[in-house]
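Reader: I'm new to this and keep meeting labels like "buried" and "salt bridge". Could you take me through where such labels come from in this structure?
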Amino acid sequence: MPRTRSMLPLAALLVLPLTACGGTADADAKEITVYSADGLRAEDGSGFYDKVFKDFEKETGIKVRYVEGGSGEVVQRLAREKSNTKADVVLTLPPFIQQADGKGLLAAYRPQGSDKVADGAKDPAGKWTAVANNYFCFIYNTKELHGTPPRTWKDLLDAGYKGKLQYSTPGVAGDGTAVLIKAMHDLGGKEPAMAYLKDLQKNNVGPSKSTGQLAPKVDKGELLVANGDVQMNFANTKSMPNQGIFFPAGDNGKPTTFALPYAAGLVKAAPHAASAKKFLDYLLTDRVQREVSAVGGGFPSRTDVKATDLNATALTGIMRGVEIFQPDWADIDKNLPSYVEAWKTATGS
């Protein structure tokens, strides 16, 4: 079932929209509040989060209160609540997890098992750790394009994509920000990337704060191409059979992508810090790490966990032949506002 990026309530846990109150003043309460970027739950309750939260409560007696929003939204909410913290744990994508750290919103904690997470997927000071790996991608309508995706960024400039292409908003959506990062890498830097995105605007439907809203449109043929991420779009494939994953290449013709992991951190002044630490430990257990692929359609963050389920095998095939580069997250965290402003100027957004 689709891991949609909406805010519909689930039967197995309490889902709160970003306008609702979370947390409690009772530090001894057997509950935690998790603020998370969307993408790891399913509307029918069969998603990764659904199982993890249910199993965690069964094993520990600690109930999970869940607040979902865009990657940047959850950090913005943490910042607004800094003087009256309600969340215990935050999970979001780069560069927003670094942004949360830069705003002083995270407390140092190294969960059990984090020593098995690659250095590039965790903060050296222990402020955050990747708990589920993921990669940026694009999707296309396999029926309308006869199973042949666009090969390069230049292909997307073709007039046949006018009004049939859309990507989520940089600076708001994690996957939308990833469009800027990949374009700057593939096309030779900020200036050529902005020039390209200006040109691409003639085909672009317009901004979208939610990446997840684009997948159903691609599946139905309302769009031919959109951005996404491997975990979410792979998880959606069974319910949206007309979408396929691809990675547009730069001038050298090599498809590329980069890791876009779900990273978790302990919120500074968390009302239920002891329970929150137990939850962070739980996310990195061997069993839960295997469920990242088997249930969630993603990739384990622990390097010593080698998933062998059918999803893991299929995901390996999707990533075969794709060059994975490492963004300079420190630079992106520092300069993201200027990159987003440059994008707004270039595209008139």
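Author: Sure, and keep in mind that this is a predicted model. Let's begin with lysine 344, which has a relative accessible area of 34% and is called partly exposed.

Reader: What makes lysine 344 partly exposed?

Author: Buried needs a value under 20% and exposed needs one over 50%. Lysine 344 has 34%, so it counts as partly exposed. Glutamate 341 gets the label of partly exposed too, with 44%.

Reader: How do you know that lysine 344 forms a salt bridge with glutamate 341?

Author: The rule asks for a side-chain nitrogen of Lys or Arg within 4 Å of a carboxyl oxygen of Asp or Glu. For lysine 344 and glutamate 341 the closest N and O atoms are 3.7 Å apart, so the pair passes. Both residues sit in helix 11, three residues apart, which is about one turn of the helix.

Reader: Which residues are joined into one network by salt bridges that share partners?

Author: Those are Lys51, Asp55, Glu59, Arg287 and Glu291. Let's pick out two of its links. Arginine 287 and glutamate 59 meet through their side chains at 2.8 Å, N to O. This bridge ties together parts that are 228 residues apart in sequence, because arginine 287 is in helix 9 and glutamate 59 is in helix 1. Arginine 287 also forms a salt bridge with glutamate 291, with 3.8 Å between the closest N and O atoms. The limit is 4 Å, so 3.8 Å still counts. Arginine 287 and glutamate 291 are four residues apart in helix 9, about one helical turn. Over the whole structure, a search finds 16 salt bridges.

Reader: Are these three residues, arginine 287, glutamate 59 and glutamate 291, buried or partly exposed?

Author: Arginine 287 is partly exposed at 39%, and glutamate 59 is partly exposed at 48%. Glutamate 291 has 9%, and buried means under 20%, so glutamate 291 counts as buried.

Reader: What is glutamate 291 in contact with, leaving aside its neighbours within four places in sequence?

Author: Glutamate 291 touches Phe48, Lys51, Val52, Asp55 and Gly296.

Reader: Why is the pair of phenylalanine 56 and tyrosine 282 called tilted?

Author: Under 30 degrees between planes would be stacked and over 60 would be edge-to-face, with the rest called tilted. The planes of phenylalanine 56 and tyrosine 282 are at 50°, so the pair is tilted, and the ring centres are 5.3 Å apart. The two come from distant parts of the chain, phenylalanine 56 in helix 1 and tyrosine 282 in helix 8, 226 residues apart. Both fall under the 20% limit for buried: phenylalanine 56 has 0% and tyrosine 282 has 8%.

Reader: And what makes tryptophan 153 and tyrosine 196 an edge-to-face pair?

Author: Here there are 80° between the planes, and over 60 counts as edge-to-face. The centres are 5.4 Å apart, and a pair needs them within 6.5 Å. Tryptophan 153 is in the loop between strand 7 and strand 8, while tyrosine 196 is in helix 5, 43 residues away. Tryptophan 153 and tyrosine 196 are both buried. They also belong to one aromatic cluster with Phe136, Phe138, Tyr140, Phe246, Phe258, Phe325 and Trp329.

Reader: How do helix 5 and helix 11 cross?

Author: Their axes come within 8 Å and cross at roughly 35°, and the crossing is right-handed. From helix 5, Lys190, Met194, Leu197 and Lys198 meet Ser338, Tyr339, Ala342, Trp343, Ala346 and Thr347 of helix 11. These contact residues split into six nonpolar, two polar and two charged.

Reader: What about the backbone: which value stands out in histidine 146?

Author: Phi of histidine 146 is positive, near 55°, in a residue other than glycine. Histidine 146 lies in the loop between strand 7 and strand 8. Exposed means over 50%, so at 69% histidine 146 is exposed. Alanine 269 has a positive phi as well, about 65°, and is not a glycine. At 60%, alanine 269 counts as exposed.

Reader: Why is the peptide bond from proline 94 to proline 95 called cis?

Author: Look at omega, which is near 0° for this bond. Proline 95 lies in the loop between strand 4 and helix 3.

Notes: Residues numbered from 1 in each chain as written. Predicted model: local features only at pLDDT ≥ 70, side-chain atom pairs only at ≥ 80, totals over all residues. Heavy atoms only, no water. Axes fitted to C-alpha atoms, helices over the stretch in contact; angles between N-to-C directions. Left-handed = near helix turned anticlockwise from the far one by under 90°. Contact = heavy atoms within 4.5 Å. Nonpolar A, V, L, I, M, F, W, Y, C, P; charged D, E, K, R; others polar. Buried < 20%, exposed > 50% of the residue type's maximum accessible area, 1.4 Å probe, protein only. Phe/Tyr/Trp six-rings, centres within 6.5 Å; stacked < 30°, edge-to-face > 60°.
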